[in-house]
Amino acid sequence: MPCAANGDSALAANDYDKAIHLYSAIINLNSASHVVFANRSKANLGKMLWMEALLDAQKVIELDSLSYLGYNLKHAALHGAERYDEAIETFQTMLSILDNAPDVQTRKLRQQYLRPSEVECAIRWVIDAQLDNAPLRVLDTITGLLCDRETQIGIFKMSTQYKELVSSTITHVDLHIEHIEEVVKRYLQYAMLSHRWEGKEPLLQDIQGKCVYDSELDPVGGMTKLRSFCKTARDAGYNWAWSDTCCIDKSNNVEVQESVNSMFVWYHHSALTIVYLSDVPPSSKYGALAKSAWNMRGWTIQEFIAPKVILFYQNNWTLYRNDRTPNHKDSIEIMQEIKDATGIDRPAITAFHSSMHNAREKLHWAATRVTTRQEDIAYSLFGVLGVRLPVDYGEKQDKALGRLLQEIVARSGDISSLDWVGESSEFNSCLPASITSYEAPPCQLPSLTKDEIQSSVSSLRETPVADFASDLYTELRNTSAPRFAAQRLHLPCITFNVMEVRRRVGGPTPESHLTYGVKADGLHDLLITTGETLTQFGPARPTEQRFLLVRPWDRSLLELPDFPEFPEPSGYGDDTESEEDYGTPPSSPSDDWSSGSPVKQGMSDLESRALRLLVRLGQPFSAFLLAQRRSGEYKRIATDHDIIGQVHDVVSVGDSMDIRTIEIL
C-alpha cells in the first residue's frame with residue numbers, strides 16, 4: 001500500500017504530521033492492520049499527543065492481544081501523560097507477555113528491560129546511601145509535619161518524581177544509576193537552620209504529630225521562628241528542613257550521641273543552611289552580623305564552616321543587608337565581616353574540610369565562645385576536628401575537653417594543642433581545664449630565613465659537630481609518636497635538667513601567682529609565673545624532686561617527605577617496596593656518577609637535613625616545665641604565659657640535653 005509505505009518513510013524522517021495524515025487515511029478506509037495503528041501511535045508520541053497515542057495503542061492491543069508492542073506503546077503514552085501508576089502496571093503486563101512468548105526471538109526482547117521491582121531495589125539503595133549523610137528526621141516543609149527516615153522515604157515513593165523515575169528507568173537495559181542518584185538527591189535535599197536558642201524552643205514532643213503551620217501551636221515559644229524557617233526553606237524550593245530544637249529526640253541518649261557526632265556531616269551535605277540572626281534588625285549596617293550573639297555561640301562554628309551554601313537572615317526574615325548573592329560564602333563583604341569577628345580566613349570558611357590538622361588554630365576559634373551546657377564547647381568541635389567520641393553530659397568541660405584533646409594527640413600526633421596558658425586539667429596536666437586557655441593565638445616564634453639557615457649550615461659543615469648532628473637526627477627520627485594510655489601522656493621530648501628554682505619578689509605578678517627564676521643546664525635563664533607553689537632549690541640547697549624544661553618533639557623539623565598514597569597491591573607478587581619508595585626521591589637518570597655515588601649523594605642530603613635541624617634546635621622554642629612526682633611520672637606546671645627557651649650554644653647543645661619519652665600525668 002503506497003500510503004503505508006509513505007507513512008513509514010515520513011515516520012522514519014520524524015515528519016510526524018505527514019505520517020499521522022497518511023496512516024489516518026488508511027485507517028479511514030477500514031483497511032488498517034495493528035501495524036498501522038502502532039505506527040500512528042509512534043507518530044503521536046513524537047508529537048507528544050499522549051491521548052491520541054494511547055487510543056492507538058489500545059487499538060493495537062484489541063487487534064493483537066498477545067503482541068507486546070501495543071503494551072509498550074501504551075506505557076509510553078501513559079508515561080507521557082504522567083499517569084505513572086497505570087504506565088508501570090501496563091509495562092508489567094508487557095513483560096509478562098515477553099516472558100511467555102512462544103518464540104525464542106520474542107522472549108529475547110525481554111532482556112532489553114528491567115522489572116519495576118529491580119528498579120525499586122536500586123532506587124532504595126541510592127536512597128539509603130543519600131540518607132547516610134542526612135539527619136535522622138526532618139520537617140516536611142509542605143505539610144509542616146515531622147518525619148523520620150522511613151516516613152520520608154514513604155512520601156518520596158508516593159511522589160510523582162519517584163513514579164516517573166521507576167516508569168522511565170524500566171525501559172532501559174541497565175539501571176542508569178547516575179540518573180537515579182540525581183533524582184534522589186534533588187528530591188531529598190534539605191535546608192538546615194543555624195540560630196541562637198532563646199527562651200522556650202519547640203521540642204520534638206511539642207510538635208510530634210502536629211503541623212508547625214497550625215495556629216494552635218502559637219503559645220509554644222520559638223514556634224514563630226520555626227514556622228518562618230520552614231516557609232523560607234519551602235520558598236527556596238526545599239521539601240525538607242531541619243532544626244536542632246525539634247528534630248532530635250533529646251530524651252533518647254543513643255540518638256543524641258549520633259546527632260552530636262553527625263551534625264557536622266549533616267550541615268556539610270545540606271543544600272542550604274539558613275542562619276537566623278534574631279538580634280539583627282532590618283536595614284542593619286556593616287558590623288551588625290559581627291556583633292550578633294549568634295557569633296558567640298559554640299555550636300555555630302561548625303554551622304557556618306561546614307555547609308557549602310549559606311544565607312544570613314535578619315530578624316524579620318529578610319536577607320542580611322539585602323545581599324542577594326545566592327550563596328553568602330561568595331559575598332566578599334559578608335565574609336570579611338565574619339573574618340573580622342572570628343579571625344577565620346575566607347578560604348577556611350568557603351572550602352573547609354574536617355580534620356585534626358592544625359588543631360591549635362581551630363581550638364583558638366572556639367576559645368571565646370560559650371555554650372549552655374559546658375560539655376558542649378568540646379562536643380561542638382567533634383565534627384570540626386573530624387573525631388567521633390561518646391557524649392556524656394554531666395562529665396564537665398574539663399573531662400570532655402580532655403577526651404577530645406587526648407584523641408587528637410593520640411590519633412594524629414599533632415601536639416599543637418599542648419600550646420596553651422592557664423589552668424591545668426585534672427584529666428591530664430599537659431591539657432588545659434578550659435577552652436579559654438587557647439584564647440591567645442598560637443605561639444609564634446622568630447624563625448630564620450632560608451639564607452640564614454644555609455649560612456649557619458655552611459659554617460657548621462666543617463666542624464666536628466657534623467657527626468653529632470647526623471647521630472642526633474637519626475635518634476630523633478627513631479622516636480615514637482606521642483600517645484595516651486589511661487589518661488597518661490607519653491610525650492617524646494628534648495629535655496634539659498633544671499639546676500635551680502628561686503622565687504622572685506616584686507614585679508607586676510597577680511596576687512594568686514608567683515614568679516620564679518629558673519636555671520636549666522644548657523639554656524638561658526628564664527622567669528616563670530605560675531599559680532602553683534614550687535620547691536625552691538639550687539646548688540647550695542639541693543632537692544630530691546627533679547624538674548625538667550622540655551621541648552616537645554615536633555617531627556616536622558626532620559623535613560621528611562610526605563609519603564605517597566600507594567594503591568593496594570594487585571597480588572602477592574607486587575607486595576614489595578624499595579628504599580626509594582619511602583625515603584628520599586631517587587636520583588635523576590641523568591645524574592653523573594662522577595659527581596659521587598647515589599649512596600653518597602643520599603648521605604649528603606641527610607647530612608644537610610641534620611645540620612639544618614641542629615640550627616633550628618638552636619633557635620628559641622616553646623617549652624614546658626615538668627615536676628617529677630613521687631611515683632616517678634611528671635606533671636606539667638601551668639603558667640600564665642608561654643615559656644620560651646633557648647640554648648646557650650648550638651655547637652655544645654648535645655652536652656646538656658637528653659632525648660626521651662616522658663610519662664606525664
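A salt bridge is taken here as a side-chain nitrogen of Lys or Arg within 4 Å of a carboxyl oxygen of Asp or Glu. The structure is a predicted model, and by this rule 28 salt bridges are counted.

**Exercise 1.** Determine what links Arg-609 and Asp-605, and how they are placed along helix H26.

*Solution.* Step 1: the closest N and O atoms of Arg-609 and Asp-605 lie 3.0 Å apart. The cut-off is 4 Å, so the pair forms a salt bridge. Step 2: both residues belong to helix H26 (residues 598–617), and because they are four residues apart, about one helical turn separates them. Step 3: an α-helix has 3.6 residues a turn, so residues three or four places apart point the same way. Step 4: Arg-609 has a relative accessible area of 7% and is buried, whereas Asp-605, with 29%, is partly exposed.

**Exercise 2.** Establish how Arg-411 and Glu-407 are paired and how they are placed in helix H22.

*Solution.* Step 1: the two side chains meet in a salt bridge with an N to O distance of 3.5 Å. Step 2: Arg-411 and Glu-407 lie four residues apart in H22 (residues 396–412), which means a separation of about one helical turn. Step 3: the relative accessibility of Glu-407 is 19%; buried means under 20%, so Glu-407 counts as buried.

**Exercise 3.** Locate the partners of the salt bridge between Lys-225 and Glu-201, and state whether each is buried or exposed.

*Solution.* Step 1: the N to O distance between the two side chains is 2.7 Å. Step 2: this pair joins distant parts of the chain, 24 residues apart. Lys-225 sits in helix H13 (residues 223–235), while Glu-201 lies in the loop between strand S3 (190–194) and helix H12 (204–207). Step 3: Lys-225 is buried at 10% relative accessibility, and Glu-201 is buried at 4%.

**Exercise 4.** Compare the expected span of helix H14 with the distance between its end C-alpha atoms, then describe its bend and its N-terminal end.

*Solution.* Step 1: helix H14 (residues 253–268) has 16 residues, so at 1.5 Å a residue it should span 22 Å. Step 2: its end C-alpha atoms are 23 Å apart, which agrees. Step 3: a kink of about 55° is centred on Ser-262, and Ser-262 is among the buried residues of H14, which also include Glu-255, Trp-266 and Tyr-267. Step 4: at the N-terminal end, Asn-252 acts as the cap, with a side-chain oxygen 3.0 Å from the backbone nitrogen of Val-254.

Note on methods
Residues are numbered from 1 along each chain as its sequence is written. This is a predicted model: local features need pLDDT of at least 70, side-chain atom pairs count only at pLDDT 80 or more; totals for chains, interfaces and linings use all residues. Side-chain values use heavy atoms; hydrogens and water are left out. Helices (H or I, at least four residues) and strands (E, at least two) are DSSP runs, numbered from the N terminus. Buried means under 20% relative accessible area, exposed over 50%, partly exposed in between (1.4 Å probe, protein chains only). The expected span of a helix is 1.5 Å times one less than its number of residues. The bend at a residue is the angle between axes fitted to the seven residues ending there and the seven starting there. A polar contact is a pair of N or O atoms within 3.5 Å; within protein, one must be able to donate a hydrogen and the other to accept it, and residues adjacent in sequence count only if both atoms are side-chain atoms.
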